[in-house]
Amino acid sequence: MKALKILLITLFFTFSLNVSAQTVYTTKTGEKYHKSTCRYLKYSKKEITLKKAKELGYAACKVCKPTQKVDNSSTSTKSNVSSSTQQKSSQTTSKKTVATQCIGKTKSGSRCKRMTKAANGRCYQH
């Protein structure tokens with residue numbers, strides 16, 4: 001009987017660790033996190049944990065719904081956190097992406113006029 005209790009406790013902790021370490025995917029310029037099968041991950045896909053994605057200010061994709069089961073089980077534990085703590089954490093960890101002018105050159109040799117949010121500084125044509 002004692003061994004059964006230890007086994008159940010071990011399984012519970014293993015399951016809870018797996019839920020918090022769920023892998024989700026983001027794009028280079030997007031503000032949402034997705035499942036690996038989401039259609040929005042066609043061109044870029046960056047693997048990240050669910051916890052880290054939420055800390056960086058990413059929101060769940062409304063198409064693939066990556067945390068539908070996880071969010072329902074974790075909402076009861078989040079109700080104990082005060083609203084001032086939630087506001088403070090959302091202000092300091094929000095993800096800001098600023099568009100800059102493309103660094104690519106056109107055929108005539110001048111600098112491209114398009115704006116981009118890509119990490120490499122180039123628009124979709126360069």
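## T27 and its surroundings

In this predicted model, a polar atom of the T27 side chain lies 2.8 Å from the backbone nitrogen of G30. T27 sits in the loop that links β1 (23-26) to β2 (32-33). Its relative accessibility is 13%, so T27 counts as buried, the cut-off for that class being under 20%.

Apart from neighbours within four places in sequence, T27 is in contact with four residues named here: Y40, L41, S44 and Y58. Of these contacts, Y58 is also a member of the largest nonpolar core.

## Overall architecture

The chain contains 4 helices and 6 strands. Read from the N terminus, the order of elements is α-β-β-β-α-β-α-α-β-β.

The chain has 126 residues, and 21% of them count as buried. About 9900 Å² of the chain is exposed, with 57% of that area supplied by carbon and sulfur atoms. Among contacts with a separation of 6 or more, 39% are between residues 24 or more positions apart.

## Nonpolar cores

The largest nonpolar core consists of 6 residues, namely V24, Y33, I48, L50, A53 and Y58. Within this set, V24 touches Y33, I48, L50 and A53. V24 also touches H34, K46, E47, T49 and P66, when residues up to four places away in sequence are not counted.

A second core, separate from the largest one, has 5 residues, including Y25, C38, C61 and C64.

## N-terminal surface patch

M1 lies in the segment before α1 (2-20). With a relative accessibility of 75%, M1 counts as exposed, since the class requires a value over 50%.

M1 belongs to a nonpolar surface patch of about 550 Å². The other residues that make this patch are L4, L7, L8 and L11.

## Q125 in the C-terminal segment

Q125 is placed in the segment after β6 (115-116). Its relative accessible area is 49%, so Q125 is classed as partly exposed; a value over 50% would be needed for the exposed class.

The side chain of Q125 is joined to that of R114 by a polar contact of 2.7 Å. Between Q125 and T106, which are 19 residues apart along the chain, the separation of the C-alpha atoms is 9.8 Å.

Conventions: Residues numbered from 1 in each chain as written. Predicted model: local features only at pLDDT ≥ 70, side-chain atom pairs only at ≥ 80, totals over all residues. Heavy atoms only, no water. Helix = DSSP H or I, 4+ residues; strand = E, 2+ residues; numbered from the N terminus. Buried < 20%, exposed > 50% of the residue type's maximum accessible area, 1.4 Å probe, protein only. Polar contact = N/O pair within 3.5 Å; in protein donor to acceptor, adjacent residues only side chain to side chain. Patch = residues over 30% accessible without salt bridge, like charges linked within 9 Å, V, L, I, M, F, W, Y side chains within 5 Å. Areas by Shrake-Rupley, 256 points an atom, 1.4 Å probe, with all protein chains shown as cover. Salt bridge = Lys/Arg side-chain N within 4 Å of Asp/Glu carboxyl O. Core = buried A, V, L, I, M, F, W, Y, C linked by side-chain atoms within 4.5 Å. Contact = heavy atoms within 4.5 Å.
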